[in-house]
Amino acid sequence: MMRARVPLLLLLGILFLASVSVSFGIVHHEHQESQQESREQNNPFYFSSDRWFHTLFKNQYGHLRVLQRFDQRTKQIQNLENYRVVEFKSKPNTLLLPHHADADFLLVVLNGRAILTLVNPDGRDSFILEQGHVQRIPAGTTFFLVNPNDNDNLRIIKLAIPVNNPHKFQDFFLSSTEAQQSYLQGFSKNVLEASFDSEFKEINRVLFGEGQQQQGEESQEEGVIVELKREQIRELLKHAKSGSRKALSSSQNEPLNLRNRKPIYSNKFGRWYEITPEKNPQLQDLDVFISSVDMKEGGLLVPHYNSKAMVMLVMNRGEANIELVGQNQNQQQQKQHQQEDEEEESWEVQRYSAELSEDDLFIIPATYPVAINATSNLNFFAFGINAENNQRYFLAGEEDNVISEIPTEVLDLTFPASGEKVEKLIKKQSESYFVDARPDEEQKDRSKGRNGPFVY
């Protein structure tokens, strides 16, 4: 009898330890989630990809997601309320069905290759877009997107600027699928019959798919992202023009090539490509600049700020630590002012930090200094809002350093040390824009190849 109890007790002990381990794992996971949520609550400029995107549509072929409204996070970026960010991902050999929207789009290809077709009353334009291509799609323009690759997923980010409502836009799809109705179905029978000079029954069958199964016809696939056959893709490729190899385009309809131009800032730690509205008609009306930045692991984009532009940074590849410096009202004095009804406010310097990874988004308000430390080889894209006549001011480095332009006599009164010592400190850094974030390890890492060429 005793022998039978020993295995039973052993089994009970194992089950107890297993339940404790599972419980600990759940508690640990919940603790990590709580910490992440707390960090994001304390940093209203950070939008992690797995928390702040809302899914508009998803099936086995891809998805459409839209980022939460910016003005719902903090009043410090309230001027972005009329801007939305949309992410589109699709698998190989797929089509995003024809549609239009009540918003201007600025589309950027992050990864993969796409056929973008813009349809207008007098014809259509089809372009083959690759990584770094930028295309404006005016509000109301019917368009569709194809991923023609056999192996690679397509990933696109769109800046949406609604034209009807301050922060909302709608997609109008021609197709009638299980996921949504065709907007044509909103018209009455009389209007449809008169417009197409056909019987309503025929219109329903041809355009909306009603009665197809009874007649043995193939019904429309579920959703707005569908699979394409190779012969269909080959036919579409015949009519598509390769995206311009030029950085700038003279046409308002042709795509821009962000990366086929000389970087505005470049050294062994990083490269910064940019197109501003002053140099391109597609961006002038939107008052937006577009940037693409490559950084090498261990590189630091030195502290700097923009005079007017509010920047939406989208992490495309790799990881980084970002530090943004702003000012926040002193909580204790804020309560006192509320009680005393005083107009005078007290502010204190605050650092907003975040660990960024793929698909994360970070907002950099105008005049807020920011620095980015690459913890791996990385690439990010950025939209700059209020871009016209924007100036970028660097606070460190040999070139374009605004502090180095302040006279010695004024530096004497600005910092505790003498003006001469301040100047000596400022001029110590021989690099510009991108520097080594770990200078003490430079000699050691040089033997490991960290100062070699970029690899992407």
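**Strands, side chains and a cavity**

Analyst: In this predicted model, strand β1 is joined by 2 bridges to strand β23 (residues 361–364), and the two run antiparallel.

User: Happy to start there! What makes β1 and β23 count as a pair?

Analyst: Pairing takes at least two bridges between the strands. β1 and β23 have 2 bridges, so they meet that cut-off. One of the bridge partnerships links Phe-47 with Leu-361 of β23.

User: Where do β1 and β23 sit in their sheet?

Analyst: The sheet is open and has 7 strands, in the order β1-β23-β20-β25-β18-β17-β16, with antiparallel pairing. Its edge strands are β1 (46–47) and β16 (265–267), each of which pairs on one side only.

User: Let's look at a residue in β16. Why is Asn-267 called buried?

Analyst: Buried means under 20% relative accessible area. Asn-267, found in strand β16, has a relative accessibility of 16%, so it is buried.

User: What makes the link between Asn-267 and Glu-431 a polar contact?

Analyst: The distance cut-off is within 3.5 Å. The side chains of Asn-267 and Glu-431 are joined at 3.4 Å, which fits that limit. The Asn-267 side chain also reaches the backbone oxygen of Phe-434 at 2.7 Å.

User: And Asn-164: how do you know whether to call it buried or exposed?

Analyst: The cut-off for exposed is over 50%. Asn-164 has a relative accessible area of 58%, so it is exposed. Asn-164 lies in the loop between β11 (154–162) and β12 (171–173).

User: Which side chain does Asn-164 make a polar contact with?

Analyst: That partner is the side chain of Asp-102, at 3.1 Å. Asn-164 is also 7.8 Å from Ala-103 in space, C-alpha to C-alpha, while the two are 61 residues apart in sequence.

User: How many cavities does a search of the whole structure find?

Analyst: There is 1 cavity of 30 Å³ or more, with a volume of about 110 Å³. Of the 15 residues that line this cavity, the closest to its centre are Trp-272, His-304, Val-311, Ile-364 and Ala-382. The elements giving two or more residues to the lining are β18 (288–295), β19 (299–306), β20 (310–317), β24 (370–374) and β25 (378–385).

User: How do the residues of that lining divide into nonpolar, polar and charged?

Analyst: The lining has 11 nonpolar residues, 3 polar and 1 charged. Trp, Val, Ile and Ala count as nonpolar, so Trp-272, Val-311, Ile-364 and Ala-382 are among the nonpolar ones.

Terms used: Residues numbered from 1 in each chain as written. Predicted model: local features only at pLDDT ≥ 70, side-chain atom pairs only at ≥ 80, totals over all residues. Heavy atoms only, no water. Helix = DSSP H or I, 4+ residues; strand = E, 2+ residues; numbered from the N terminus. Buried < 20%, exposed > 50% of the residue type's maximum accessible area, 1.4 Å probe, protein only. Polar contact = N/O pair within 3.5 Å; in protein donor to acceptor, adjacent residues only side chain to side chain. 1 Å grid on protein atoms, 1.4 Å probe; cavity = no way out; pocket = protein on both sides within 12 Å on 5 of 7 lines; lining within 4 Å. Points joined across faces, edges and corners; volume = space filled by probe spheres on them.
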